[in-house]
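I set out to record two things in this notebook: how the parts of one chain meet, and how the protein meets the DNA.

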2 protein chains.
Amino acid sequence: MRPTVHDIAASAGVSLATVDRVLNRRPGVRAVTREKVEAAIETLGYVRDMAAANLAKSRVYPLVFIIPTGDNPFMRGLEAEIAVAGLRSPVDRTRLSVLTVPAFDSAALVEAIDRAVSDVPAGLAVVAVDAPEVAAAIARARSAGVPVVTLVSDLAASGRDHFVGIDNIAAGRTAGSLMGRFLGGRPGPVAVLAGSMLVRDHRERLQGFTAALSQDFEPRVILDVLEGQDDPMLAEELVAICCKAHSDLAGIYSLGAGNSGLVTAISAQGRPIRVIAHELTSHTRSALKAGLIDAVLHQDAGHEVRSAIRVLKAKADGVAVIEAQERIRIDIFLKDNLPLEQAGDVREPIGRDD
Amino acid sequence: MRPTVHDIAASAGVSLATVDRVLNRRPGVRAVTREKVEAAIETLGYVRDMAAANLAKSRVYPLVFIIPTGDNPFMRGLEAEIAVAGLRSPVDRTRLSVLTVPAFDSAALVEAIDRAVSDVPAGLAVVAVDAPEVAAAIARARSAGVPVVTLVSDLAASGRDHFVGIDNIAAGRTAGSLMGRFLGGRPGPVAVLAGSMLVRDHRERLQGFTAALSQDFEPRVILDVLEGQDDPMLAEELVAICCKAHSDLAGIYSLGAGNSGLVTAISAQGRPIRVIAHELTSHTRSALKAGLIDAVLHQDAGHEVRSAIRVLKAKADGVAVIEAQERIRIDIFLKDNLPLEQAGDVREPIGRDD
DNA sequence: CTGTTAGCGCATTCAC
DNA sequence: GTGAATGCGCTAACAG
């Protein structure tokens, strides 16, 4: 039987209230008494039963997610997954709320963070914009006692408690490696379609891609990055122009959003072009099936949301997280290992995690 | 505030004990009374707080895992992950035990299942052997009220509550698709190294591989399956013979264990052979880095163990599982997206195994 | 058949 | 500074 507060109270010769005070680091205990209790905790190997503690406290965890507005399908999928997780709130004692702010707008993000913190939530999950003022706002949140995780896009300089997302350099390297192998000996340049080089994860993906493709394979020209602003129309136009300019174009790596435009552009081409894209959506899924896209690298929004919730609760309670469980995987989808589309899928399918 | 038992007791005009009786489907309640209570539960939207219930019951979940003996590194990794999960037992109220039985020995497995069931555990996780008597034993367990999940290798005919593992047909298809693309136009036959065709997951992988490779690519000869019994020595020998017999061998798909032997054999070859294998171990990892293996398909044993525990607890409590969370992924590793080696990783003794 | 009561392990008033 | 008492939501004797 696990030791309880009663056991350590008896063992230390004090009352439950005193034990509770030292457990929760509250004042009103003499140093000697405290040490006696801590000794008892140590020798009995006491670990507090969080379930019972939460029951007694009627604890709920108000958690705030701050994500970009706009029609980026991945972000909307993320929002949908937050809503799904919200269905379980009564069970896991959370209360989830979502704040949306214009994408890439650090001022708006800072304001949202400060506003969220003023309600002293149990935790904050932020899709970070890579800017110093954002880092400062996150630091403020933390020093106000609010645990913060960055979501999808990291900002290590902020001192956030945890990053929930994939290793984007590794993702880029994987894309580069797949591209190199898929192309085999076939000549011709490779194009890269990004959203914006102002975004950290896009920069990292490009970096990894370039490194892997130039390191492990025969020399190949990587054309200047096409910045499609994650906008399907613009992406389509840029890709079409690029195809015209390079009649021997061998491959395209799309590392951001706006893939519906990309697909339209390449399906108009009569020649085979190897294409690797990010995020499984209804568009990339059907393009994959049709053979227009060869591989899709993916991060599971559902897993990310659940992971953020678990981590924030753990941080709020000051307990350790299961690292292995919180590692977000880079999923690689070919037409042959597509997960089934599920009834609950909003528009961005899948969901599986740990 | 969520409604509690008090609320429904008041609303139904009965006592707590009666509410508890209908909640737990215990006898001693008149049909009319029961219906009143159920109506109250329905209208108030009551959901029982499992944490509080478990606290009151001092509930623990004795869970039994039955896995093969032998030096199959994946199985040993699985066992290690069970031990890791056991560290958290005090926290999540489980008590894990492991029974090992000789691999592919259905009689031994049946006996182990029956023995485990006689202790009436809260749940049973079994690496199933594909045999009718095993299915019968699992069915017995379930009708004795013990929830059963199959682990890694399924046995749908048994009526198990859930399967914890990857979709092996999809895994095979993925391997076939990758093999086809990696080979490009290069001619030459492809070999398949399996453990045994008596095992269901191996059969399924082969089936998927053959289908994908012959369906989506130019015709290619797939040689007769080499059955290496998951034994490194035998695998090495078989592969060496195969290489000698087929000087134009283009690729090898290793869908079982015994990969250290495979690696030894192919590293002795002077010519490039595309290799796709299963399960990331120290051997496959270093072969991947060295370029001897091109891709590794992987299932995360840690995830599988945690998933089995979550599912069995849920089944024991009669509550729903988060399906998305319990789907086990097929991880695809290239040298570029290898996860960092961790303390808990599978480590095999040098020389004699996979 | 149904209700009362006393905990499960912990947190929190309120006295002393 | 410290302790006794009460309750969180639920279960389990034990009465009636």
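The entries below take the domains before the DNA.

**Entry 1: domains.** I noted that the model is predicted. I looked up the division of chain A and found domain 1 (5-48), domain 2 (57-164 + 301-321) and domain 3 (168-298). The C-alpha centres of domain 2 and domain 3 of chain A are 30 Å apart.

**Entry 2: where domains 2 and 3 of chain A meet.** I recorded eight residues of domain 2 in contact with nine residues of domain 3. Together the two domains bury about 740 Å², of which 54% is on carbon and sulfur atoms. A:Phe74, A:Phe104 and A:Asp130 account for 46% of the area that domain 2 buries against domain 3, more than any other three residues.

**Entry 3: charges across this interface.** I found a count of two salt bridges between domain 2 and domain 3 of chain A. A:Asp130 forms a salt bridge with A:Arg200, with the closest N and O atoms 2.6 Å apart. By class, the side of domain 2 that touches domain 3 holds four nonpolar, two polar and two charged residues.

**Entry 4: DNA strand D.** Which residues come nearest to this strand? Of the 27 around it, they are A:Arg21, A:Thr33, B:Val5, B:Asp20 and B:Tyr46. I noted that α4(B) gives the most to the surface near strand D, with four residues.

**Entry 5: atoms of strand D.** Of its atoms within 4 Å of the protein, 68% belong to sugar or phosphate. A side-chain N or O atom of B:Arg48 lies 3.0 Å from a phosphate oxygen, and a backbone N or O atom of B:Asp49 lies 3.1 Å from a phosphate oxygen. At B:Ala52, a polar backbone atom is 3.3 Å from a base nitrogen.

How values were computed
Residues numbered from 1 in each chain as written. Chains lettered and ligands numbered in written order. Predicted model: local features only at pLDDT ≥ 70, side-chain atom pairs only at ≥ 80, totals over all residues. Heavy atoms only, no water. Domains from an automatic or database assignment. Contact = heavy atoms within 4.5 Å. Buried area = accessible area lost by both parts, 1.4 Å probe. Salt bridge = Lys/Arg side-chain N within 4 Å of Asp/Glu carboxyl O. Nonpolar A, V, L, I, M, F, W, Y, C, P; charged D, E, K, R; others polar. Near = heavy atom within 4 Å. Polar contact = N/O pair within 3.5 Å; in protein donor to acceptor, adjacent residues only side chain to side chain. Helix = DSSP H or I, 4+ residues; strand = E, 2+ residues; numbered from the N terminus.
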